[in-house]
Amino acid sequence: MITPEQCRAARALLKMGQDELATRTDLSSVTIRKFENQTGPLKQATINLIQLTLEAAGIEFIPENGGGVGVRLKK
């Protein structure tokens with residue numbers, strides 16, 4: 001599962017705003033903001049959808065490996 005910080009970093013790498021991510025996931029901008037600002041719980045399926053959408057756009061999520069989680073662009 002991705003973290004809110006990874007989501008923000010992924011969008012920054014892609015130069016993608018919250019509204020564009022909302023459109024691509026067919027979610028509301030409020031839902032994206034809620035996740036990134038940690039202001040309310042989201043269903044696991046919603047978080048998975050956000051992750052899959054960002055991965056399809058060219059992001060690779062790096063899991064905890066002793067140095068913390070991360071994000072990078074796929075080659």
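1. Leaving aside residues up to four places away in sequence, Q51 touches M1, I2 and F61, where contact means heavy atoms within 4.5 Å. Q51 lies in helix α4, residues 44-56, and is buried, with a relative accessible area of 17% (buried means under 20%, with a 1.4 Å probe and protein chains only).

2. This is a predicted model, in which local features need pLDDT of at least 70 and side-chain atom pairs count only at pLDDT 80 or more, while totals for chains, interfaces and linings use all residues. Residues are numbered from 1 along each chain as its sequence is written, and side-chain values use heavy atoms, with hydrogens and water left out.

3. The axes of helix α2 (residues 18-25) and α4 come within 10 Å and cross at roughly 105°, which makes α2 roughly perpendicular to α4 (a term for angles of 65 to 115 degrees). On the α2 side the contact is made by L21, R24 and T25, and on the α4 side by L49, I50, T53 and L54; by class, four of these residues are nonpolar, two polar and one charged.

4. The largest nonpolar core, a set of buried nonpolar-type residues joined through side-chain atoms within 4.5 Å, has 14 residues, of which I2, C7, L21, I50, L54 and F61 touch the most other members. At least two residues each come from α1 (4-14), α2, α3 (29-37), α4 and β1 (59-62), and the largest share, three residues, is from α4.

5. L54 touches C7, A10, R11, L14, M16, L21, I59 and F61, again not counting residues up to four places away in sequence.

Notes:
Helix = DSSP H or I, 4+ residues; strand = E, 2+ residues; numbered from the N terminus. Buried < 20%, exposed > 50% of the residue type's maximum accessible area, 1.4 Å probe, protein only. Axes fitted to C-alpha atoms, helices over the stretch in contact; angles between N-to-C directions. Parallel < 35°, antiparallel > 145°, perpendicular 65-115°, else oblique. Nonpolar A, V, L, I, M, F, W, Y, C, P; charged D, E, K, R; others polar.
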